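I opened my notebook beside the structure and went through it one topic at a time. Here is what I looked up, in the order I looked.

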Protein chains: 10
Amino acid sequence: MATQPSKELETFENPYPERDYHIHMEVPEFTCLCPKTGQPDFATLILDYIPDQKCVELKSLKMYMWSYRNEGAFHEAVTNHILNDLVAATHPRFMRLTAKFYVRGGIFTNVVAEHRKIGWQPAPHVELTAFEANSNTRG
Amino acid sequence: MATQPSKELETFENPYPERDYHIHMEVPEFTCLCPKTGQPDFATLILDYIPDQKCVELKSLKMYMWSYRNEGAFHEAVTNHILNDLVAATHPRFMRLTAKFYVRGGIFTNVVAEHRKIGWQPAPHVELTAFEANSNTRG
Amino acid sequence: MATQPSKELETFENPYPERDYHIHMEVPEFTCLCPKTGQPDFATLILDYIPDQKCVELKSLKMYMWSYRNEGAFHEAVTNHILNDLVAATHPRFMRLTAKFYVRGGIFTNVVAEHRKIGWQPAPHVELTAFEANSNTRG
Amino acid sequence: MATQPSKELETFENPYPERDYHIHMEVPEFTCLCPKTGQPDFATLILDYIPDQKCVELKSLKMYMWSYRNEGAFHEAVTNHILNDLVAATHPRFMRLTAKFYVRGGIFTNVVAEHRKIGWQPAPHVELTAFEANSNTRG
Amino acid sequence: MATQPSKELETFENPYPERDYHIHMEVPEFTCLCPKTGQPDFATLILDYIPDQKCVELKSLKMYMWSYRNEGAFHEAVTNHILNDLVAATHPRFMRLTAKFYVRGGIFTNVVAEHRKIGWQPAPHVELTAFEANSNTRG
Amino acid sequence: MATQPSKELETFENPYPERDYHIHMEVPEFTCLCPKTGQPDFATLILDYIPDQKCVELKSLKMYMWSYRNEGAFHEAVTNHILNDLVAATHPRFMRLTAKFYVRGGIFTNVVAEHRKIGWQPAPHVELTAFEANSNTRG
Amino acid sequence: MATQPSKELETFENPYPERDYHIHMEVPEFTCLCPKTGQPDFATLILDYIPDQKCVELKSLKMYMWSYRNEGAFHEAVTNHILNDLVAATHPRFMRLTAKFYVRGGIFTNVVAEHRKIGWQPAPHVELTAFEANSNTRG
Amino acid sequence: MATQPSKELETFENPYPERDYHIHMEVPEFTCLCPKTGQPDFATLILDYIPDQKCVELKSLKMYMWSYRNEGAFHEAVTNHILNDLVAATHPRFMRLTAKFYVRGGIFTNVVAEHRKIGWQPAPHVELTAFEANSNTRG
Amino acid sequence: MATQPSKELETFENPYPERDYHIHMEVPEFTCLCPKTGQPDFATLILDYIPDQKCVELKSLKMYMWSYRNEGAFHEAVTNHILNDLVAATHPRFMRLTAKFYVRGGIFTNVVAEHRKIGWQPAPHVELTAFEANSNTRG
Amino acid sequence: MATQPSKELETFENPYPERDYHIHMEVPEFTCLCPKTGQPDFATLILDYIPDQKCVELKSLKMYMWSYRNEGAFHEAVTNHILNDLVAATHPRFMRLTAKFYVRGGIFTNVVAEHRKIGWQPAPHVELTAFEANSNTRG
Ligand SMILES: [Ca+2]
Ligand SMILES: [Ca+2]
Ligand SMILES: [Ca+2]
Ligand SMILES: [Ca+2]
Ligand SMILES: [Ca+2]
Ligand SMILES: [Ca+2]
Ligand SMILES: [Ca+2]
Ligand SMILES: [Ca+2]
Ligand SMILES: [Ca+2]
Ligand SMILES: [Ca+2]
Ligand SMILES: [Ca+2]
Ligand SMILES: [Ca+2]
Ligand SMILES: [Ca+2]
Ligand SMILES: [Ca+2]
Ligand SMILES: [Ca+2]
Ligand SMILES: [Ca+2]
């Protein structure tokens, strides 16, 4: 099966558009090139969104990320740029993109950017006690 | 003892309906099939709810989860569908279902969906210092 | 020294009733019996409260917990029942009881219940950066 | 160099009183005596405060903590008492003292008390994504 | 390539000034001298900011931090001073500096200071379920 | 289904007696009584063994552990006693029982006891690099 | 692409048979049925081996694991059986299979079984200091 | 009940002297004074031993540790001295004392000392796969 | 400064060849291509070696790793191949290369390969108690 | 009190030379300069040794470490050099120095070097079950 990097982001119909719900995706394999030195940069991207009519298709998201492999990109710019592309493809109610770049010059840099659909408001948050996984095991 | 997978969700009477309280359940053994490839998918489901007149019975919840073992189901759809079934069975004041699906194509996907009873409002949250278990041990 | 399990909860005078302050206690040794099968159940109880005129005495709390050792009790009911007993003994401004039951049928269940004194309001919360213990060590 | 335990808390001038900022200190070596049995008690104290005109001097804080080594003190009372002493010495805009006492009778007890200067209000909190240290390393 | 410590903080144009987004940087290699004893002090600095027209350049930030290596500086003062320098260089919409100093006299000290541009307001926060990295792995 | 505590340990035929292999079981719900004070004691038991002709049946192991619920037992004695019972029931090639008792008097106590079949020798250990679960995730 | 569960284990030629080296694979998605109750069982399998002339092909290993989805299998037996199948397919110099089964009846069970080629001896182990990933970060 | 610090270490008869078994005790509340400055020092002591005819009594061990509260003691000397006292009281087959002292001058110091009964040999160690507690949970 | 990927591994003279000592390096940014699908693969490489006359130069190691960015490589083969290149460049007394590849098909794969200089023997290992970093902090 | 960096390492008489025992020290504040670029380097040093007639004095060890603050030093060379200085000062039976350098060029480097007194042999190691601190807490 021939697969290719691609800037095309495929989507599918949101199966439950009547409800605001949260999709969380982690893409641990992002790499691009430093525009100054040409050396590889690495990041983990975390995508959190509340879909409207469309959801991001998983495999196409992977191909999209691959498409940066040979492109030069600054940390702050590429995070915002990817967010814009994802917004253009899915028009979500809410979307947050978190990029955690691998250490450079002894300094760690993460970037977080958000988009909100005009007029969209989140339902008031219901705050419950949060439990770690298996917090009631013992031993 | 013959047990069977079942779409039937059994309930019992909420013993303290006069109080809004929080029930948290972790179901680490959910598995279904990918509708595209037929291959098994795996998830951990986390159910948080505030019961009204009915609570979900533990054993029947397990049988219900088992019932997905041979069914095809997309991540976003199945999370919302299970939430709907749980709401239909218990009519809770509040319910949140979190599905953490095992990695596919190198990407992690979690889905979180909520239901609120019309007119129900949570009591204002009292924020206390949170302590990890045994945070005052030393050694 | 003869000690006995006891449903009696002893209290002492709150030494600083002029201030809303938070007492957090962890009771990792709760055990009772399953009313259906008679088998032992185990839980860790976490008590968070803001005292009014009375505080729970530590040793009597331990004896109180011991008193459930040979009693049948459902998860949801016993959590609310213990909260009621603690409220009846201390009439706190605020009390939250968290019960983390050991896994049954492959499913984890935690229950959280709260009581608030009528008319009591918490001071607006001051949110500071939270640090893990020893977060400035290195090595 | 002769050092002595001391109830005297020394202070220095807040170098940036024009700004509300947060000082966090951890004192892992608090010990006093149980007033009932005379046996040693141990705690870790955590001090969080927003200074006004004065800051607590580190070395004097250590000597102050030492001064409890041979005194009897109940958990709830000593936490509030130390908070009062620190407030009397520094008149902070806000101060929170957290005492995490070592396990007694199989039960863990922590106490949290706060003081706020009359009329002082915190600036509305800006909530940012929180990252664990080095969250962008990999390996 | 000759590099030098420098108090000069270089900046670059914010590539997406039309959006409030969050930049998080960790500088684990800060060291200065104790003004009293001349001995070295060590800290990890954490910078969180929402840029306006300018972003801090990574390499110059490193040189700036290096410039403290032979200077005497108190914990509370140096944290506020560095924040002021960063604000003067970038005029951010929001900036928070967290300094975690290595243990002295058995006591841990962290300092957190913030700056907000006059008239700037954060967008209301959208609270989503937070997941630890790879929270859906198993094994 | 009526279940009962029982000192009877049931076994089943080892399905692969031709091979030395390792069975590890964790029993986090052991409780007995302190012979001096009558108060409950709690422990997690960890059983590691290399079966010979017989394996311990899981459900009967649970009933066996339950049988200590109302018996007085000292830490050191009960660990050795349980090991003896397990050895008598299964005649293993090797067995190690680890008992981790909950804190008493501010002191933690664990006990580890082993049995080896006369003449049995373990195959020379092949030491491989040990990896934590999912040590190759990133993010 | 039609994929199917299969008991066939595919292999490929070991590219470096002249060297004893270690391959570690984690299969977190094993599920079979309990032969007694018919209910699903879940495990994480960990395979460590030193290949001789053949290596296990990754995709076929996944299909092989899938083939147990509708089969009844006891913990101790299935671990040894899978090891036998893997040995039959690859004739490795050394192989260790670790199966970590999800909790049943409140008790955790893991099984570890090994195979060694007759006459094969591991090179004497060179013991170096082991470091956790990123153990030299700070912050 | 009047308790007193005491240099007397009480013992009881080893209930299973026919077997070499391992007792592990953690004493997280050791404190003494620095002989140079008079300031308090803090440590966690870890005792591992294989008893011969006698075991250390838990409560007396606690009183013994208390007896150092007002004594000056150097790290290296006090660790060896306590080991000698424990050996004199119990004549164990093997004993290891680990003292982890709280940080001083920015440097951490731990001390480990051992005693072996003349002529005693440990049984050859059987090395099994070690599992973390609840390593087979998921979620 | 123009940097380039390069298969050339630079070395420098071992400054202490009279002593067997251990160098540990972590390279978290390895990426190559899957020879079958052309898709990117990712790994963390861990290099442990005892140098003889030459040490690997850090920057050249980075360029060497970069050189795989556009090459197809199987997991087992590339690990052994890189080890061979490192051995050819440095002729170490001992070298171990550990490659931790990111998850594929839901399965994790790590590969560990070693080289030993003919006739070289490690000094008998001195086994000391191992402490986690800052294991004597408390709080 | 005027303190100064110093290459002089002070020692004191080993209080228990009749016994081989282990002293572990962590020095998290080592910094020197890169000989090529002049930029600061940072490391955590870990010292493990079995003293003969002399022990390293803590404060002088700190001053010694300080003395590298303005010196150029390569990772491999400085680790061996410090070990040599410590050996020259204390003539230990055994000494191991572990240096964990902060990340450079995206790569982590640790160095471990040892010295053994000629003719010295460690006592055969007694291998006991190792427990994490407070491994028997629950909650
Ligand atoms: Ca856990
Ligand atoms: Ca635990
Ligand atoms: Ca946590
Ligand atoms: Ca803990
Ligand atoms: Ca934490
Ligand atoms: Ca720590
Ligand atoms: Ca952390
Ligand atoms: Ca975390
Ligand atoms: Ca995890
Ligand atoms: Ca682990
Ligand atoms: Ca990880
Ligand atoms: Ca780890
Ligand atoms: Ca880390
Ligand atoms: Ca562990
Ligand atoms: Ca560790
Ligand atoms: Ca630990």
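**Entry 1: chain C against chain B**

I began with the contact between these two chains, which takes 31 residues from chain C and 29 residues from chain B. I keep in mind throughout that this is a predicted model. The area buried between chain C and chain B came out at about 2600 Å², and carbon and sulfur atoms give 55% of it. Which three residues give more than any other three to the area that chain C buries against chain B? I found E76(C), I107(C) and F108(C), which together supply 21% of that area.

Next I turned to the polar side of this interface. I noted 1 salt bridge between chain C and chain B. The partners are E57(B) and K36(C), whose side chains meet at 3.9 Å, N to O. I also noted 10 residue pairs in polar contact between chain C and chain B. Then I asked which elements of chain C each supply at least two residues of the side that touches chain B. My list has strand 2 (22-33), strand 3 (40-50), helix 2 (75-90), strand 5 (94-104) and strand 6 (107-116). The largest share of that side comes from strand 6 of chain C, with 9 residues.

**Entry 2: chain H against chain D**

I moved on to another pair and asked how chain H can be laid on chain D. A turn of 180° with a shift of 0.0 Å along the axis does it, at an RMSD of 0.0 Å. I therefore wrote down the relation of a two-fold axis. The same surface serves both copies, as 100% of the contact residues of chain H recur in chain D.

The contact takes 18 residues from chain H and 18 residues from chain D. I put down about 1700 Å² for the area buried between chain H and chain D, with 48% of it given by carbon and sulfur atoms. How many salt bridges does the rule find across the interface of chain H and chain D? There are 2. I looked up R104(H) and E29(D), whose side chains meet in a salt bridge at 2.8 Å, N to O. I counted 7 residue pairs in polar contact between chain H and chain D. On the side of chain H that touches chain D, two or more residues each come from strand 2 (22-33), strand 3 (40-50), helix 1 (58-66) and strand 5 (94-104) of chain H. Strand 2 of chain H gives the largest share of that side, 5 residues.

**Entry 3: a stop at T98(H)**

While I was on chain H, I checked T98(H), which is found in strand 5. Is T98(H) buried or exposed? Its relative accessible area is 6%, under the 20% cut-off, so I marked T98(H) as buried. Leaving out residues up to four places away in sequence, T98(H) touches T44(H), L45(H), I46(H), V111(H) and V112(H), as well as F131(I).

**Entry 4: helix 1 of chain C**

Back on chain C, I looked at helix 1 (residues 58-66). Of its 9 residues, 7 are buried, so the helix is largely enclosed by the rest of the structure. I listed the buried ones as S60(C), L61(C), K62(C), M63(C), Y64(C), M65(C) and W66(C). What caps the N-terminal end of this helix? I found E57(C) there, with a side-chain oxygen 3.2 Å from the backbone nitrogen of K59(C).

**Entry 5: the annotated positions in chain A**

Last, I opened the UniProt record. The unreviewed entry lists V56(A), E57(A), L58(A), H75(A) and E76(A) under "binding site". They are spread over 21 residues of sequence and also in space, up to 24.8 Å between C-alpha atoms.

I took V56(A) and E57(A) for a closer look. V56(A) lies in strand 4 (residues 54-56) of chain A, and V56(A) is buried, with a relative accessible area of 2%. Beyond residues up to four places away in sequence, V56(A) touches L9(A), E10(A), F12(A), Y49(A), L61(A), L86(A) and T90(A).

E57(A) sits in the loop between strand 4 and helix 1 (58-66) of chain A. I asked whether E57(A) is buried or exposed, and with a relative accessible area of 17%, E57(A) is buried. Setting aside neighbours within four places in sequence, E57(A) is in contact with E10(A), T11(A) and F12(A), and also with K36(B).

Definitions and conventions:
Residues are numbered from 1 along each chain as its sequence is written. Chains are lettered from A and ligands numbered from 1 in the order in which they are written. This is a predicted model: local features need pLDDT of at least 70, side-chain atom pairs count only at pLDDT 80 or more; totals for chains, interfaces and linings use all residues. Side-chain values use heavy atoms; hydrogens and water are left out. UniProt positions are given in the numbering used here, feature names are shortened, and annotations may be inferred rather than shown by experiment. Helices (H or I, at least four residues) and strands (E, at least two) are DSSP runs, numbered from the N terminus. Buried means under 20% relative accessible area, exposed over 50%, partly exposed in between (1.4 Å probe, protein chains only). Contact means heavy atoms within 4.5 Å. Copies are superposed by least squares on the C-alpha atoms of residues with pLDDT of at least 70 in both. Buried area is the accessible area (1.4 Å probe) that two parts lose on being put together, summed over both. A salt bridge is a side-chain nitrogen of Lys or Arg within 4 Å of a carboxyl oxygen of Asp or Glu. A polar contact is a pair of N or O atoms within 3.5 Å; within protein, one must be able to donate a hydrogen and the other to accept it, and residues adjacent in sequence count only if both atoms are side-chain atoms.
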